[in-house]
Structures are given as C-alpha cells and as structure tokens.
Amino acid sequence: MNEITITRRFYFCSSHRYYLENLSFDENLRLFGKTIYEHGHNYTLFVSIRGNINKTTNMVMNISEIKNIVNEIIEKYYDHKNLNLDNPFFKNRLPTTENIALSFWHFLSEKLNLYKILVYEGDEIFSEYKGEKNMLFGRVYKFSAGHRLYNENLSDEENNKLYGKCANKNGHGHDYKLEIYIEGKVDKETGFIVNINELDKIVNEVLEKIDHKFLNYDVEFFRENLPTTENILIFLKMRLSSKIKGLKKLRIYETENNIFEIECV
Ligand SMILES: [Zn+2]
Ligand SMILES: [Zn+2]
C-alpha cells in the first residue's frame, strides 16, 4: 500500500485553568501550582491524516478541505475562548495539553481520516495522540554546558582529525535542548499523563548536575566517558529511567542542526 500522511499546522490562543472542585484550594495548589489561576497560551496544532492517493485528483485529500474542517472547529471551540467554559469537551475534564489532543481527536475523527494529533502549548509542552489507548506527553528543557572532545590515548593530530574544532584545547560549549517523551494513559481526574511540577523537579535535579558545568572536569561521569551528546543521553537515561514512569525516549538538540535520540523502553 502507498498510504501517504499529510500534516497541516494550525494556531489558536485560549485561556484555561486547572482546578478540581472536589478538592480544597490547598490540594489544588499542591497539584497544579500556578495553573489553578486562569491564564492563557498560544497553541500550535498539527493535524495529520493518512490515506491512499485518489486516482482522479492525485491527492489523498485537498489540503484546503482539511483547513476548512479544522478551522471551523478551532473557531467554534478554541481560538480566543476559555477552554474550561466555552468548549463542551472540557465540561467534565481539565483542559490539559493531553486532553486538548484528545479533544481534537473527538471533534475531527469522524470528519477526517486522522492519523495523528499533535498539540503544543507554547513551545515547551506537547502531546501526541494517534487514537490508541496510550498517548505521548513531551516536555522541553534547556541546559548549557562546556565540553572538549579529546581522547587522551590519541595524538593531537588524530584527535584533530576525529573531533575537528570540538577538540579545541580550551573547550567550547552549547545551549542544549532536551525533549523528554513519556507514554501513558491520561488520568481521568487530573487530565495528566504525568504531573508537570513533579516531572520538572525530577528532571531539574538531574540537569542541575550538568547545567553550567564544564562536563569533562566538573561531572564525574564524563571524566570516564567523553562528553559527546551520545554519552550525555546515556548519562540522562541512567538517571531518569527509574524515576519517570513511562519514559519513552530522550532527544537532544546539541544545535538546531545536530539532533540525537535514545529509546528508553
Ligand atoms: Zn496553562
Ligand atoms: Zn560541542
């Protein structure tokens, strides 16, 4: 079969808050932090459909048709709306990113041959749903670190050949972007696969060990393992796998052009 996947990007802005009426204010605050207060985000939505090429049109589906169907839903329920109050899907559910992905599946799956819904809240939180039992939650973190790629067992010449500019005697550094992917079922009450505040605590505790450090000297692990991005992934996987339930994969952007990924299941 020559099935083709087509993705179209959309934007919308909405407000929301996370608050469970059956819990006290303090319990809500503990669970959701500042998100108990109404606030808003700029969302990006990627709608992917999949199908075979139509022999008459030579397309799977006319993109403007996808645009019209999705925009109608966005206009009606999402853009410049209060998701808690204006969107019927959130009458009995919190408008978390996970539930927003589910909501688009709910509104669109009868109208489009959906393959995937991907929703970004800002550019640091996202959820991906493919109509299955589980879905993916993603969170973006940043850290900066210095390093030098140099193997003591090789000559200067060999090091220069292997690592090029990265072998610079006095080191250099990067702003790293780390994406964490977690797979799981959405909790019916909280709307979370994972509590972001708890996740942040776990991840930041680990990132603290490498953020604003010169990895080769400051971090014990990298005294024995060259601080390539590959080894940074190993370092993170070893420390995060047992602490984060459902951890699926880690992806690091060393620069916008150099992207590394490791599976964690
Ligand atoms: Zn929010
Ligand atoms: Zn480098």
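Let's start where the two halves meet: 17 residues of domain 1 are in contact with 13 residues of domain 2, where contact means that C-beta atoms, placed from the backbone, lie within 7 Å. Keep in mind that this is a predicted model, in which local features need pLDDT of at least 70, side-chain atom pairs count only at pLDDT 80 or more, and totals for chains, interfaces and linings use all residues. Residues are numbered from 1 along each chain as its sequence is written, while chains are lettered from A and ligands numbered from 1 in the order in which they are written.

The domain assignment gives domain 1 (1-130) and domain 2 (133-265), with bounds that come from an automatic or database assignment. Their centres, taken over C-alpha atoms, are 29 Å apart. On the domain 1 side of the meeting place, helix 4 (97-108) and strand 5 (125-129) are the elements giving two or more residues; helices (H or I, at least four residues) and strands (E, at least two) are DSSP runs, numbered from the N terminus. Strand 5 gives the most, with 5 residues.

Now look inside. The largest nonpolar core has 48 residues, of which Ala101, Phe104, Ile117, Val119, Ile182 and Ile193 touch the most other members. Such a core is a set of buried Ala, Val, Leu, Ile, Met, Phe, Trp, Tyr and Cys residues joined through C-beta atoms within 7 Å. Buried means 20 or more other C-beta atoms within 10 Å of a residue's own, exposed means 12 or fewer, and partly exposed is in between, with C-beta atoms placed from the backbone. This core takes at least three residues from each domain.

Take two of its members. Leaving aside neighbours within four places in sequence, Val119 is in contact with residues including Tyr43, Leu45, Ala101, Phe104 and Phe126. Ile182 sits in strand 7 (residues 172-184) and counts as buried because 21 other C-beta atoms lie within 10 Å. Among the residues Ile182 touches, not counting those up to four places away in sequence, are Leu136, Phe137, Ile193 and Val194.

Finally, find helix 6 (residues 196-207). Leu199, Val203 and Leu207 are its buried residues. Seen down the axis of helix 6, they fall within an arc of 60°, so they line one face; the arc is that of the directions from the helix axis to the C-beta atoms. The face turned away from this buried side carries the exposed residues Lys201, Asn204 and Glu205. Covering the buried residues of helix 6 are elements including strand 6 (135-147), strand 7 and helix 9 (229-240).
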